[in-house]
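Work through the exercises below with the model open. Try each task before reading its solution.

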Amino acid sequence: MSKLYIVPTPIGNLKDMTERAVETLRESDLILAEDTRHTQKLLNYFEIKTNQISYHKFNEKQRTEEIINEILNEDKTVSLVTDAGTPCISDPGFELVKRAREEGIEIIGLAGASALTVALSVAGIDTYRFAFYGFLPRKKSELEAEISNIYNNPIKTFVIYESPKRIINLIEMLKEQMPDLTVCVLKELTKLHESSFYGHIDKVLEMLKNNDDVEKGEYVVVGHNNDYVEKEDAGVKVSVHGIIFDKLINKGCSLKEAVSEVVEEKIASKNDAYKASLEIKKFIENY
C-alpha cells in the first residue's frame, strides 16, 4: 500500500539520526528533499541509495499534485525530509500532507530531531504552554506588528527562529516592546560550537553584541514575556489581570461585568480583556 513518511533528519549532529529513519529512507521508492545536494551528503553518510527529487517552498504547490498522483497511480512509498529537523515545522510539507489526507493516503510521522523541542528542553524557561512563530517577517513594519502580536498573546512563552545576520536586530526590537523579557538565545544546537545566552534581555543583548562570532550559525530564541498585556496608567504599569481581579473582589461584579468595564474604560482592548478573563476563569476553577 502506498504511504507517505515524514522523516526528521539531524539538526547538526549526525548521530541524532534514528535507525528507523535510516531504514525508512532506504526502503522508500522516492525521497522528497528541500535541497537535494544537502540531503545527498546525509544519504551518502548512511549509504542510502534511494532516488530523490527537490521539494521546496518555490515548487511545493506545483510538485504536490505530481507526487500525490505518483503515490496513488504507481503505489509508491515516498519519504519527505527537510534540510534539518522535522518537515512541516517552518519548512515545506504542509501542502503535501494536506493533499495526502484528502486523498486517503496513509501518512506516518517518525519521531526525531527538532530545533524547536531541543531549544525548549534546555532553555530554562516555563514550557507548560508556548507559542511557536518560526521565522518572523524581514520587513520592519511587519516585524514590529508580529512582535506586538507576541506581546499581546496570553501564552507568555514563545519560540522564534532567526538567522545570524538579524539576531541582534531581533533582540533589540523584542527589548523595545518587552523590556522585562527573560530570554534564552540558543546557537548551533547539537553542533560542535553550540552555545547559549540566558537571562534578562538587557544582559543577553550585551552578551550577543560582545560576541565576535555572533553572525555565524543559526539561532533559536525562547522568551518568556513577563510584561504580558500590561498597560500604562498614570505612569504606572498596571496588569489587565489585576484590574479585572480588583473589580471582582472590591466591586463584587461578575467576570463578564468586570471585562465590560475594563473595555469601556479603555484600559484594554476587547480582545485583550477577553483573553485575560479566560486565564482568570481557569485560575479560579483550579484554585
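Contact here means heavy atoms within 4.5 Å. The model is a predicted one.

**Exercise 1. List the residues that V185 touches, leaving out residues up to four places away in sequence.**

Step 1. Start with I167 and I171, both touched by V185.
Step 2. Add S195, S196 and F197.
Step 3. Add V204 and L208.
Step 4. Finish with Y219, V220 and V221.

**Exercise 2. Find which members of the largest nonpolar core touch the most other members.**

Step 1. The core has 26 residues.
Step 2. L174 and V185 touch the most other members.
Step 3. Now sort the core by element. β6 (130-135), α6 (140-152), β7 (157-162), α7 (167-177), β8 (182-187), α8 (201-209) and β10 (219-224) each supply at least two residues.
Step 4. α7 gives the largest share, five residues.
Step 5. Set this against a general trend: in soluble globular proteins, nonpolar side chains tend to be buried together.

**Exercise 3. Decide where the buried residues of helix α1 (residues 19-27) lie around the axis.**

Step 1. Pick out the buried residues: A21, V22, T24 and L25.
Step 2. They span an arc of only 165° around the axis, so they share the same side of α1.
Step 3. Check the other side of α1: E19 and E27 are exposed there.
Step 4. Identify the cover. β1 (3-6), β2 (30-33), α2 (36-45) and β4 (77-80) are among what covers the buried residues of α1.

**Exercise 4. Are C184 and C253 buried or exposed?**

Step 1. The cut-off for buried is under 20% relative accessible area.
Step 2. C184 has 2% relative accessibility, so C184 is buried.
Step 3. C253 has a relative accessible area of 13%, so C253 is buried.
Step 4. Count disulfides, taking cysteine sulfur atoms within 2.5 Å as a pair. The count is zero.

Methods: Residues numbered from 1 in each chain as written. Predicted model: local features only at pLDDT ≥ 70, side-chain atom pairs only at ≥ 80, totals over all residues. Heavy atoms only, no water. Core = buried A, V, L, I, M, F, W, Y, C linked by side-chain atoms within 4.5 Å. Buried < 20%, exposed > 50% of the residue type's maximum accessible area, 1.4 Å probe, protein only. Helix = DSSP H or I, 4+ residues; strand = E, 2+ residues; numbered from the N terminus. Arc of directions from axis to C-beta.
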